[in-house]
Amino acid sequence: MVAANAMVSTPEQLAREAAAWAALATVLDPEVPVLSVCDLGLVRGVHASAHGVDVVLTPTYSGCPATEVIAQAVEQALLAVGLAPVTVTQRREPAWTSDWISAEGRDKLRQYGIAPPSGAAAVQGAQRIGIRPRNVACPRCDSLNTERLSAFGSTACKALHRCLACLEPFEHFKPI
Amino acid sequence: MAAALAGGSIALELTHPLRYVLRLADTALIHAQRLAEWCGHGPVLEEDIALTNMALDLLGQARALLTHAAHLHNGVQGGGLDEDQLAYLRNEADFFNLTLVEQPLRKSSAHAPGGDFADTVLRNFLLATWFKAVWMGLSSSTDVELRGIAAKAVKEARYHQQHAGDWVVRLGDGTPESARRLQAALARAWPYTAEMFAGDAVDEAASSTGLGPARASLRGAWLSEVQEVFAPALLPVPADTPFLSTGTQGRHSEHMGFILAELQSLQRQFPGGRW
């Protein structure tokens with residue numbers, strides 16, 4: 001399918017795809033409004049055809065209430081730059097992992113005051129019960145002397161931590 | 001379209017794969033509904049947030065599974081079933097969750113005690129450990145959609161298991177009072193765990209076609225992780241009992257009707273209502 005699509009892509013279609021990617025870079029996560037859907041690694045594909053532009057997204061957490069909001073925001077952003085009609089579909093396989101957050105996205109998280117996830121979530125499902133996240137650096141003072149207060153925070157994707165050096169509480173984007 | 005019954009209910013043509021997916025979907029849905037009863041009532045703020053976070057994960061898993069069940073159903077029969085119709089318009093006998101998840105959790109009823117936090121902690125741990133084994137088994141499913149749902153859900157289940165496991169140890173190895181109440185909660189929950197590993201034609205078909213694991217095959221992994229937490233919690237693994245609950249066959253305890261009355265009330269009163 002990919003090869004077939006690539007063969008029929010005209011320069012005009014490629015230009016529309018580039019415009020779509022540029023528009024997607026402005027669509028922010030409503031719950032972490034410094035990260036775009038591109039920083040988060042949510043965009044699995046953009047395809048322009050004679051029938052319009054198709055965007056494939058991948059949902060983050062199973063119950064993330066932002067999933068529908070993000071899909072609507074993506075459609076609006078593309079319509080706003082004159083790309084119509086727009087089709088947004090969700091694809092669950094392969095499942096999204098926080099490992100897909102870009103290096104730039106991790107920097108943005110840290111500057112926003114949220115400790116970014118480690119890049120090793122892929123094997124996590126099979127891990128033993130006792131294994132805990134370690135060495136979560138405080139996003140304010142960079143100290144590794146921190147502790148987890150609760151694995152569940154203000155949104156599905158974040159845990160509550162506390163820095164024992166600067167004594168400030170902070171959130172950690174959970175590796176998943 | 002699915003056949004319409006009196007009162008706006010839908011009737012399903014139940015194939016083995018549809019039943020298999022609905023068992024998982026309904027177990028996640030009703031467990032989420034029970035955990036959500038804690039919203040605003042948690043013993044401490046962090047725990048209130050944790051319980052509702054876990055309920056939200058489970059609800060998301062249930063939505064994905066119900067959407068997939070609707071696709072399976074529409075594929076065989078045509079018509080436009082969706083997740084909402086499956087959640088809100090099925091009658092009690094067409095729900096196939098484990099009986100354990102429908103037992104009272106926070107609120108008491110005339111026939112069962114509720115309200116002890118130890119019940120929540122223990123049930124959450126037993127089920128998260130079970131779900132983790134289910135999701136790992138589904139990670140090699142021949143059904144690509146189930147594989148995708150499972151790959152995400154297994155990591156969520158692991159967080160749930162770890163959190164609930166911490167509480168099991170804290171209560172079990174806590175004060176004499178907390179240990180006594182946790183043991184009482186275990187005595188109440190344990191007989192219902194047999195259904196987690198019961199087998200039937202639906203399970204055999206899922207296993208032989210590669211759709212997903214038969215429940216009976218999950219017991220070894222489940223028990224070893226349960227023991228890993230029960231040991232530091234000073235909690236003995238109870239003896240098995242001959243009791244076998246039948247929620248996965250559509251035959252429920254007296255509590256199920258009350259859950260559905262609450263869960264479905266809006267769509268039953270205002271069919272097709274949206275906001």
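Among contacts in chain A between residues at least 6 apart in sequence, what percentage join residues at least 24 apart? The share is 57%. Keep in mind, as you browse the views below, that this is a predicted model.

**View 1. Chain A, from end to end.** Chain A contains four helices and seven strands. Read from the N terminus, its elements follow the order α-α-β-β-α-β-α-β-β-β-β. Of the 176 residues in chain A, 38% are buried.

**View 2. The two domains of chain A.** Domain 1 of chain A covers 2-90, and domain 2 is made of 113-123 + 133-173. Their C-alpha centres are 30 Å apart. Where the two meet, domain 1 of chain A supplies six residues and domain 2 of chain A supplies four. Sorted by class, the domain 1 side of this contact holds three nonpolar residues, two polar ones and one charged one.

**View 3. Where chain A meets chain B.** Here, 23 residues of chain A contact 32 residues of chain B. On the chain A side you will find 14 nonpolar, seven polar and two charged residues.

**View 4. The largest nonpolar core.** This core counts 116 residues, and B:Ala25, B:Leu65 and B:Val168 have the most contacts inside it. Helix α4(B) is the element that gives the most, with 15 residues. Domain 1 (2-90) and domain 2 (113-123 + 133-173) of chain A both contribute residues as well, so the core lies between them. As a general point, nonpolar side chains in soluble globular proteins tend to be buried together.

**View 5. Helix α1 of chain B, home of B:Ala25.** B:Ala25 sits in helix α1 of chain B, which spans residues 16-36. This helix has 21 residues and reaches 30 Å from its first C-alpha to its last, close to the 30 Å expected at 1.5 Å a residue. Most of α1(B) is covered, with 19 of its 21 residues buried.

**View 6. Close-up on B:Ala25.** Is B:Ala25 buried or exposed? B:Ala25 is buried, because 27 other C-beta atoms lie within 10 Å and 20 or more are enough for a residue to count as buried. Setting aside residues up to four places away in sequence, B:Ala25 touches B:Ala62, B:Leu65, B:Leu66 and B:Ala69. One of these partners, B:Leu65, is also listed with B:Ala25 among the residues with the most contacts inside the largest nonpolar core. For a longer look across the chain, find B:Leu218: B:Ala25 and B:Leu218 are 193 residues apart in sequence and 18 Å apart in space, C-alpha to C-alpha.

**View 7. The two sides of helix α6 in chain B.** Helix α6 of chain B, residues 176-189, has 14 residues and reaches 20 Å from first C-alpha to last, close to the 20 Å expected at 1.5 Å a residue. Which residues of α6(B) are buried? They are B:Arg181, B:Leu182, B:Ala185 and B:Leu186. Viewed down the axis of α6(B), the buried residues fall within an arc of 145°, so they line one face of the helix. An α-helix has 3.6 residues a turn, so residues three or four places apart point the same way. On the other side of α6(B), the exposed residues are B:Pro176, B:Glu177, B:Arg180 and B:Ala187. The buried residues of α6(B) pack against two helices of chain B, α4 (117-138) and α5 (144-172).

How values were computed
Residues are numbered from 1 along each chain as its sequence is written. Chains are lettered from A and ligands numbered from 1 in the order in which they are written. This is a predicted model: local features need pLDDT of at least 70, side-chain atom pairs count only at pLDDT 80 or more; totals for chains, interfaces and linings use all residues. The expected span of a helix is 1.5 Å times one less than its number of residues. A residue is buried if 20 or more other C-beta atoms lie within 10 Å of its own, exposed if 12 or fewer, and partly exposed in between; C-beta atoms are placed from the backbone. The arc is that of the directions from the helix axis to the C-beta atoms. Two residues are in contact if their C-beta atoms, placed from the backbone, lie within 7 Å. Domain bounds come from an automatic or database domain assignment. Ala, Val, Leu, Ile, Met, Phe, Trp, Tyr, Cys and Pro count as nonpolar, Asp, Glu, Lys and Arg as charged, and the others, Gly among them, as polar. A nonpolar core is a set of buried Ala, Val, Leu, Ile, Met, Phe, Trp, Tyr and Cys residues joined through C-beta atoms within 7 Å.
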